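This report describes one protein chain, from its overall build down to single residues. Look at the sequence and the model first, then read on.

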Amino acid sequence: MYGLYGNRTTLEMLKTTLAGGRASHSYLIHGDKGVGKKTLAAGIASELTGCTNVHAHPDVIWAQHEGKLGGFKVEYVRSLLTDAFILPNNADRKVYIFTDCDNMNAFAQNALLKVVEEPPEFTYFIFTVSNRDNILPTILSRVISIGLSECSDEECRTALAEKDYSPEEIEDAVSAFHGNVGMCIAYLSDEALKNSTQTARNIAMSLAQGNEYGLLKAFGEAESDRAYLKNVIVMLDKIVRDASAFRYGGRMIGCSYEAAKTLSGKYTIKQLDSIHNILTETVSELGKNVGISIETASLCGRIFDGK
């Protein structure tokens, strides 16, 4: 449904609502990167406008990101809102799609508030975001929230097989990103993502083996790019989370089953929770103007000091 796997109950309810003429004027689609938020946004826009190619239709407007953080400038948002009161060109409705809104600042969100609260009869809005906590409560109270999650590993294998990936490629991708179809596809086509995944695995194994030099060396390989390092730490944190869940039979979400298993046998739940907190704090610090080498050295020291 809508080209997505999993989330069947949510998607069926949405489709029934749209088909019954009970569409909301504003939707917020949230979930991890790769679970299909943009695909669903396109599907809803197609239902609302009756067009099949929503990426080339004059009444489906994909808001453009601006700036280093990929947000939306308030002046640009206001220009779109002025346009929102102009009648559609070809369809009976106009749809404005704002993707990846995690970095949309409060000024831009507040500019949206009035028109989201009282939209023209023919105007609809769709927002996508990884973490809905990044959206102001005043906006959240005026949208229909749709949460998407990963599909099962088997559904992901089916989706990848339909795209003609080999069995070996499929197993490699699913071992890294499980039921996240979008991330599996990205992994198979993006060498940088493959490299960062392997770096996260190397760091996790060094941590599991108590190898502080190996940990420093592996982090050093990621220091040249702040975004790359941040991605590595996020993947490492998922392995640490898996180590906590491993002994209880929880579902794995990280990119290394072996590292999670080894970590689980070496560290207590309290120690793993401490490492998780350190990694989370480091990701936050990397968003500021701090030296990468200093931050990674501090990270390694804090992890081993807190064992």
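## The chain as a whole

Of the 307 residues of the chain, 47% count as buried. The model is a predicted one. Its chain holds 14 helices and five strands. The radius of gyration is 22 Å, close to the 19 Å that the globule rule gives for 307 residues, so the chain is as compact as a globular protein of that length. Along the principal axes, the C-alpha atoms fill a box of roughly 65 × 45 × 30 Å.

How are the contacts spread along the sequence? If one takes contacts between residues at least 6 apart in sequence, 68% of them join residues at least 24 apart.

The accessible surface of the chain comes to about 15,100 Å², and carbon and sulfur atoms account for 51% of that area. As for charge, the chain carries 31 positive and 38 negative side chains. The centres of these two sets lie 4 Å apart.

## Two nonpolar cores

In soluble globular proteins, nonpolar side chains tend to be buried together. In this chain, the largest nonpolar core has 49 residues. Within this core, the residues with the most contacts are F177, F219, I233, L279 and I303. Which helix gives the most to this core? Helix α11, which covers residues 226-246, does so with nine residues. Apart from the largest core lies another core, of 26 residues. Its members include L28, F72, F98 and L112.

L279 is one of the residues with the most contacts inside the largest core. Leaving out residues up to four places away in sequence, L279 touches I233, L236, D237, V240, L299 and I303.

L299 can be followed from the other side of that contact. L299 lies in helix α14, residues 292-305. Is L299 buried or exposed? With a relative accessible area of 1%, L299 is under the 20% limit, so L299 counts as buried. Neighbours within four places in sequence aside, L299 is in contact with F219, I233, I278, L279 and T282.

## Helix residues and their surroundings

E281 is found in helix α13, residues 269-286. At 39% relative accessibility, E281 counts as partly exposed.

R157 belongs to helix α6, residues 153-162. R157 is partly exposed as well, its relative accessible area being 23%. Beyond the residues up to four places away in sequence, R157 touches I170, E171 and V174.

A227 has its place in helix α11, the helix that gives the most to the largest core. Even so, A227 is exposed, with a relative accessible area of 55%.

Separation along the chain and separation in space can be set side by side. The table lists four pairs of residues, with spatial distances taken between C-alpha atoms.

| Pair | Apart along the chain | C-alpha to C-alpha distance |
|---|---|---|
| L299 and E281 | 18 residues | 9.4 Å |
| R157 and I185 | 28 residues | 11 Å |
| A227 and V115 | 112 residues | 34 Å |
| E281 and L18 | 263 residues | 42 Å |

E281 appears in two of these rows: the C-alpha atom of E281 is 9.4 Å from that of L299 and 42 Å from that of L18.

## Two residues with positive phi

Most residues other than glycine have a negative phi. Which values of phi do N7 and H178 have? N7, which is not a glycine, has a positive phi of about 55°. H178 is also a residue other than glycine, and its phi is near 55°.

N7 lies in the segment before α1, a helix that covers residues 8-19. The relative accessible area of N7 is 15%, so N7 is buried. H178 sits in the loop between α7 (167-177) and α8 (181-189). At 8% relative accessibility, H178 counts as buried too. Next to H178 in the sequence is F177, which is among the residues with the most contacts inside the largest nonpolar core.

Note on methods:
Residues are numbered from 1 along each chain as its sequence is written. This is a predicted model: local features need pLDDT of at least 70, side-chain atom pairs count only at pLDDT 80 or more; totals for chains, interfaces and linings use all residues. Side-chain values use heavy atoms; hydrogens and water are left out. Helices (H or I, at least four residues) and strands (E, at least two) are DSSP runs, numbered from the N terminus. The radius of gyration is taken over C-alpha atoms; the globule rule is 2.2 Å times the number of residues to the power 0.38. Buried means under 20% relative accessible area, exposed over 50%, partly exposed in between (1.4 Å probe, protein chains only). Contact means heavy atoms within 4.5 Å. Accessible areas come from the Shrake-Rupley method with a 1.4 Å probe; for residues, only the protein chains shown count as cover. Lys and Arg count as positive and Asp and Glu as negative; His and the chain ends are not counted. The place of a charge is taken as NZ of Lys, CZ of Arg, CG of Asp or CD of Glu. A nonpolar core is a set of buried Ala, Val, Leu, Ile, Met, Phe, Trp, Tyr and Cys residues joined through side-chain atoms within 4.5 Å.
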